[in-house]
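Reader: Hey, I'm new to this one. Can you pull it up and walk me through it?

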Amino acid sequence: MKQKLTQEQTLQLKMSQSLLQSINLLQFTGVELIEYIREISRENPLIEEVNYDFEISNYKNSNADQPAIGEINQAKLSMYEQLKGQLYTLDIPDDLKPVVLFGIDSLNEDGYLDIDLELWAEQCNTTMKKVEEALQFIQSLEPAGIGARNLKECIQLQMKEPYPFMEELLEAHLDWVANEDISSMSAEYEITAAQAKDILDQIKACHPKPGQLLAPKSPEYIIPEANIYEEDGKWKIFFYKWHTPVIEVNESYASLETDEKEAADFLKDKYKQVDWLKQAITFRANTLEKVIRSIVEKQQMFFEHGAFMLQPLTLREVAAKLGLHVSTISRAIANKYVQTSHGVIPLKFFLQPGVKQADGQETASFVIKQLMLELINHENKQKPLSDQAIKIRLQDEFNIAIARRTIMKYREQLGIASSTKRRTR
């Protein structure tokens, strides 16, 4: 066969460092973003003080007595629940899901795998190959580093670029990392000083206990990103100042002239840092605004008439409409709240799965739970409604057809005991 040289054009998507940082900033709340900028400003003299304390204090004082919808006071999710909540973004085969869930339950509080793969396979009555596949799924969850079996693997999972010598560096030359020995790294691995410094910076940015990042937090006060209100018959959105903090650059450095290469390089790096930070803030603001506007458009009946008019809406629907990845939408709504006439509400509240009815319509699971609450609150306490009786009442009174096992699941999620335990004499 005659060999010939052909040229083929392919399209490949590569995520730049700035895009990765933008995606990471997307999950920050407005207040967390301000704190992050302040932290950077301590080592970047170009950034002027970013201060929104006065506006935030004013918001707290003027909204101290605002009502809040019940979902806000739900139990805080553990690390394990948060990780399992991410699984819907992955295409996991049905037979592998129990293995993945067992693996998540086998993590310690720092996010490290606390079980041998052989024992994992034995406990799940499966093969080592299946366990290794399950581990790959777990290690793809966020934050990066989850599912590591040791510190070395934890760092490798968090590295943005997979250098081929990373394992050897972390195993045999950890002292170079500790002492920031750039010259030894450059000589040993035949890389430039800049590459060696980049590797050290990435290692320093790694979290040694990624599971701690998912530890339940107790915010002192919920600060929303935006206010959704009605004006002249139309629903409008007002974004608070802390939603998009403005970074002002100290102009005195712009006219600073220096012949020292080290000083010039330092300023260049700091200007680049300011540029990507501004881009990341814009990316976060634009993405969050698109998501909130999409929610308001879909949930207009809720804003007009209240919780019983909440419409089914999923992350995938929003992602498809906005042309974004599901994980991007998930980050955008994480720990974000909006002010409404019904109180301060988490964005995730508006994303509720639906139960399909015989006529093809869907009813949000939250609405069904509220109707169940109403039925149970007004039941005869001496003859409380069984799950089957609730199923029949929902069908007869609200035309909602739902399986009895789903009734039981929703009842348990609401923290309501079975009918036999609710009976009073």
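Author: Here is a short tour of the sheet, some salt bridges and the cysteines. This is a predicted model, where local features need pLDDT of at least 70, side-chain atom pairs count only at pLDDT 80 or more, and totals for chains, interfaces and linings use all residues. Residues are numbered from 1 along each chain as its sequence is written, and side-chain values use heavy atoms, with hydrogens and water left out.

Reader: Cool. In what order do the strands of the open sheet come?

Author: The order is S2-S1-S3-S4, with mixed pairing. Strands (E, at least two residues) and helices (H or I, at least four) are DSSP runs numbered from the N terminus, and two strands pair if DSSP finds at least two bridges between them.

Reader: And which ones are the edge strands?

Author: S2 (234–239) and S4 (343–346), each pairing on one side only.

Reader: Switching topic: how many salt bridges are there?

Author: The whole structure has 14, counting a side-chain nitrogen of Lys or Arg within 4 Å of a carboxyl oxygen of Asp or Glu. One of them joins Arg284 and Glu225 at 2.9 Å, N to O. That pair links distant parts of the chain, 59 residues apart, with Arg284 in helix H13.

Reader: Is Arg284 buried or exposed?

Author: Buried, at 0% relative accessibility. Buried means under 20% relative accessible area, exposed over 50%, partly exposed in between (1.4 Å probe, protein chains only). Glu225 is buried too, at 1%.

Reader: Last one: how many disulfides?

Author: The count is 0, taking a disulfide as two cysteine sulfur atoms within 2.5 Å. For Cys206, the nearest cysteine sulfur is that of Cys154, 7.2 Å away.
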